[in-house]
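Biologist: I would like a close look at a single part of this protein, namely its sheet. Please take me through it in one connected account, with the chain as a whole for background.

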Amino acid sequence: MPALPADLTVPAEIVTPRLRLRRPDPADAEALVAAVNASLPQLREWMVWAQAPMTLEASRENLTGAAERFDARENLRYHVWNPAGTELVGSSGYHALDWRVPKGEIGYWIATAHAGQGYAREVTQALTDLALTDRAAGGLGLRRLEIRCDPANGRSARIPPALGYALDARLVNDDVTADGSALRDTLIFSRVR
């Protein structure tokens, strides 16, 4: 992995008008299990990792690894909380980071109990702003930011254009569905600076 930029600062917490985004912490394992398992019927359709209920042990292991990758700046996952930081609303963050360019990809999911309230869009806007702001001004200084999704996931696919992302491509038969039962396409949206 290429050396990280010397002037790179990544906030452990980001506050938006209605939400609080925090670095993963193994202490949040129970909240993650509750949010994922309550949302499993909806997540299962889109997320490969959501094909079976999450256990507390798997959650702790997942969060320990996520915190390590966050600290190493390899994968910057944030958990999305209510303003008081007492209820897990979802997860988002930067994946597929390449600090040579620099570029990354935003992914997101919102717990079913909180879906349809514009939280995914709010989180994605905050992460987009941070990513594309120069490091000298407190941002990550990325030059390219992507969002990839299945075109059949209409809720997810509406977010990038609403935030000024351009549709770069539709990759036909690029992947398989989350349950592995069929081929699917992938939409690639981007913002660059």
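Modeller: Two residues are in contact here when they have heavy atoms within 4.5 Å of each other. Among contacts in the protein chain between residues at least 6 apart in sequence, 58% join residues at least 24 apart. The model is a predicted one, and every value below is computed from it.

As background, the protein chain holds four helices and eight strands, and from the N terminus on its elements follow the order β-β-α-α-β-β-β-α-β-α-β-β. The radius of gyration of the protein chain is 16 Å, close to the 16 Å that the globule rule gives for 193 residues, so the chain is as compact as a globular protein of that length. Taken along the principal axes, the box that the C-alpha atoms fill is roughly 40 × 40 × 35 Å, and 47% of the 193 residues count as buried. The UniProt record, in an unreviewed entry, lists residues 19–190 under "domain: N-acetyltransferase"; over residues 19–190 the chain is 31% helix and 31% strand, with the end C-alpha atoms 24 Å apart.

Now to the sheet itself. Eight strands form an open sheet in the order E1-E2-E3-E4-E5-E6-E8-E7, and the pairing is mixed. Strand E1 (13–15) and strand E7 (166–176) are the edge strands, each of them pairing on one side only, and from one strand to the next the twist averages 25°. In general, the strands of a sheet pair through backbone hydrogen bonds, either parallel or antiparallel, and both senses can be followed here by moving along the order from E4 to E7.

E4 and E5 run antiparallel and are joined by seven bridges, one pair of bridge partners being His 95 and, in E5, Glu 105. These two strands form a hairpin, with four residues between them. On the next step, E5 and E6 run parallel and are joined by three bridges, and Lys 103 stands opposite Arg 144 in E6. To get from E5 to E6 the chain passes through H3, and this β-α-β crossover is right-handed. As for its surroundings, E5 has six of its eight residues buried, so this strand is largely enclosed by the rest of the structure.

Strand E6 (residues 144–149) and strand E8 (residues 183–192) then pair in the antiparallel sense over six bridges. Within this pairing, Ile 147 has Phe 189 in E8 as its bridge partner, while Leu 145 has Arg 191 in E8. Helix H3 (residues 119–132) packs on the sheet, where it touches E1, strand E2 (20–22), strand E3 (76–81), strand E4 (88–98), strand E5 (103–110), E6 and E8, and the direction of H3 makes about 35° with that of E4.

E8 has seven of its 10 residues buried, so it too is largely enclosed by the rest of the structure. On the way to the edge of the sheet, E7 and E8 pair in the antiparallel sense over seven bridges, with Val 176 and, in E8, Leu 183 as one pair of bridge partners. E7 and E8 also form a hairpin, this one with six residues between them, and Gly 180 in the turn has a positive phi of about 75°.

Two serines in helices help to place the sheet within its surroundings. Ser 156 is found in helix H4 (residues 154–162) and, at 11% relative accessibility, lies under the 20% cut-off, which means that this residue counts as buried. Not counting residues up to four places away in sequence, Ser 156 touches Tyr 108 and Cys 149; Tyr 108 falls within E5, which spans 103–110, and Cys 149 within E6, which spans residues 144–149. The other serine, Ser 59, has its place in helix H2 (residues 56–71) and counts as buried at 0% relative accessibility. Leaving aside neighbours within four places in sequence, Ser 59 is in contact with Ala 29, Leu 32, Val 33 and Met 54. Ser 59 and Cys 149 are 90 residues apart in sequence, and from C-alpha to C-alpha they are 24 Å apart in space.

Methods
Residues numbered from 1 in each chain as written. Predicted model: local features only at pLDDT ≥ 70, side-chain atom pairs only at ≥ 80, totals over all residues. Heavy atoms only, no water. Pairing = 2+ DSSP bridges. Axes fitted to C-alpha atoms, helices over the stretch in contact; angles between N-to-C directions. UniProt positions renumbered as here; feature names shortened; annotations may be inferred. Buried < 20%, exposed > 50% of the residue type's maximum accessible area, 1.4 Å probe, protein only. Right-handed = clockwise from strand over helix to strand, strands pointing away. Rg over C-alpha atoms; globule rule 2.2 N^0.38 Å.
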